[in-house]
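Here are a few exercises to help you find your way around a new structure. Have a look at it first, then try each task before reading its solution.

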Amino acid sequence: MTTPILPLPADVQVHASAPPFVLLVSSRILATDAAASVADSLARILRPSTGYPLPVVSSVDGETAGPADIALHLDLADRLDLGAEGYSLTTSEAGATITATTPAGLFYGIQTLRQLFPADVEKHSVQSAAWQTVAATITDRPRFAWRGAMLDVARHFFDVAAVTRFIDEIVLFKINVLHLHLTDDQGWRISIAGRPELTGVGASTAVGGGPGGFYTEEDYARIVRYATERFVTVVPEIDIPGHTHAALTACPELNPDGQAPKPYTGIDVGFSSLDVHADATWQFLDDVFRSVAAQTPGPYLHIGGDESHTTPPDDFPGFIARATALVAAHGKTPIAWHEAGRTTELAPGTIGQYWDYVTPRANAAQLAESFVEQGGSIILSPADVAYLDITYDASTPIGQAWAGGPTSVRAAYDWEPTGILPGVAEERILGVEAPLWTETVSTPADIDYLAFPRLAAIAEIGWSARAGSTERDWAGFSTRLAAWYPRFRALGIRAWREGDPYPAPAPGSGSAGQTL
């Protein structure tokens, strides 16, 4: 018996002939104090559709779980096999129990449990359904530590509500990193202490001449806090030395000629660059990195480094070396796109993000491998299979097709991370990430349509057993995905499906954040 769980757990035993677990109006959620926040998350998922009160009860006070209850257990001694993010889940007529060594593991366990209930459990109004799950025993843990999604908020701006909505969507598939592309030629989207011109001028527009927008420090803190509560690490990206036109419009002193250009609303790349030698550039970067590091509790700060075609080639390696050292001086681990591997003087531990194809072109593999040779690790985002903004097929009304596209759902699923960079061992692959660039994406409905279901495919690559095993394969994934579409609909996620028309935006959808 197949259970439509995405991503596929490490081990699933379905007891088809055993009585199910049944959730009742009398059901409770039992948890220790350390697991109370996860219990609250589960209650918020289940209460609206069931109409049940589902009180969260402390199991420290001697309360024991009954047959209609859900129990969350933290076991720090006997379940070390689960690792930091794994969990075990049992459902039967005796109750439902999730066990993990950390609250994060419990959180991933509740993402699996919710998928065992009927899809209507995801709706926000009381539904009439038999709230029961199959009897099963599941043991699960991720393959890779980094399972990321990137959202470009620079080409088109998305407000706090749109970003937190996206966070709620990605955690369904056990994604644990949100990479925010905060700056580019078209817009600067984060407040920097002492640099009001960056958001006063640099955030004033977007692709196509839209209103632009930016996050205040309070806005960004809300996003980070929301993500942290869902065990998602926010990684801010300040793209340098190229992709900097918005900064150049705001700060004339960063331009080689000292003249600020007009704002840019097109989609070309590779035409902008900071003046890499100017003292003003390095004071600017020190200010920016200090502010972003202070606003970001996570350990990473991404500096871009891609498509810097107008930066003098002889100056680029030294610039990257100095920039990664500056990030490290502000207490963060630098991350850069693989072109930054042109320098042999990366700050210790700098992480590379590979965005070329599954069959590397030119010297892309060597540049990525340079990070490993210098003691770092690699995140894999091969553009021809992992870029979510690429069209699905010739009829896709939004998206781009430059990266060897279109990219079907099967193409997004059918690749193996260890098969791309021959010089990188699996233990040096930090994980996988699916970027969504937003040149053609301007509403949450657009995000949903291009991200899903391909993000679910990338998430399974990051979480589940490697390709070629008896578990993770296209046939199994496509069967489980087909069964998932009622859940997408219940969640309000307008996922792409072959033959379905592109959905019209819902009333009130869009990115009407703090606009200028």
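## Exercise 1: Helix 1

This is a predicted model. Work out whether the length of helix 1 is shorter than, longer than or in agreement with what its 15 residues should span.

Solution. Start with the rise of 1.5 Å a residue: the 15 residues of helix 1 should then span 21 Å. Now compare that with the model, where the end C-alpha atoms of helix 1 are 20 Å apart, so the two agree.

Next, list the buried residues of helix 1 and find what covers them.

Solution. Take "buried" as under 20% relative accessible area. By that cut-off, the buried residues of helix 1 are Val38, Ala39, Ser41, Leu42, Ala43, Ile45, Leu46, Ser49 and Thr50. Their cover includes strand 3 (29–31), strand 4, strand 5 (70–74) and helix 2. Just past the end, helix 1 is followed by glycine 51, which has a positive phi near 75°.

## Exercise 2: Two odd phi angles

Find where leucine 54 and phenylalanine 231 lie, and decide for each whether it is buried, partly exposed or exposed.

Solution. First, the background: most residues other than glycine have a negative phi. Leucine 54 isn't a glycine, yet its phi is positive, about 45°. You'll find leucine 54 in the loop between helix 1 and strand 4 (56–58). With a relative accessible area of 0%, leucine 54 is buried.

Then go to phenylalanine 231, also not a glycine, with a positive phi of about 60°. Phenylalanine 231 sits in the loop between helix 5 and strand 12 (233–240). Its relative accessibility is 24%, so phenylalanine 231 counts as partly exposed.

## Exercise 3: Cis peptide bonds

Locate the cis bonds that lead into proline 406 and proline 453.

Solution. Keep in mind that most peptide bonds are trans. The bond from glycine 405 to proline 406 is cis, with omega near 5°. Proline 406 belongs to the loop between helix 10 (383–386) and helix 11 (409–413). Phenylalanine 452 and proline 453 are also joined by a cis bond, with omega about 15°. That puts you in the loop between helix 12 (444–451) and helix 13 (454–463), where proline 453 is found.

## Exercise 4: The largest pocket

Describe the largest pocket and its lining.

Solution. Begin with the space inside, about 540 Å³. Of its 23 lining residues, Ile45, Arg114, His124, Asp168 and Tyr226 are closest to the centre. Helix 1 gives the most to the lining, with six residues. Sorted by class, the lining has nine nonpolar, four polar and ten charged residues.

Definitions and conventions. Residues numbered from 1 in each chain as written. Predicted model: local features only at pLDDT ≥ 70, side-chain atom pairs only at ≥ 80, totals over all residues. Heavy atoms only, no water. 1 Å grid on protein atoms, 1.4 Å probe; cavity = no way out; pocket = protein on both sides within 12 Å on 5 of 7 lines; lining within 4 Å. Points joined across faces, edges and corners; volume = space filled by probe spheres on them. Helix = DSSP H or I, 4+ residues; strand = E, 2+ residues; numbered from the N terminus. Nonpolar A, V, L, I, M, F, W, Y, C, P; charged D, E, K, R; others polar. Buried < 20%, exposed > 50% of the residue type's maximum accessible area, 1.4 Å probe, protein only. Expected span 1.5 Å × (residues − 1). Contact = heavy atoms within 4.5 Å.
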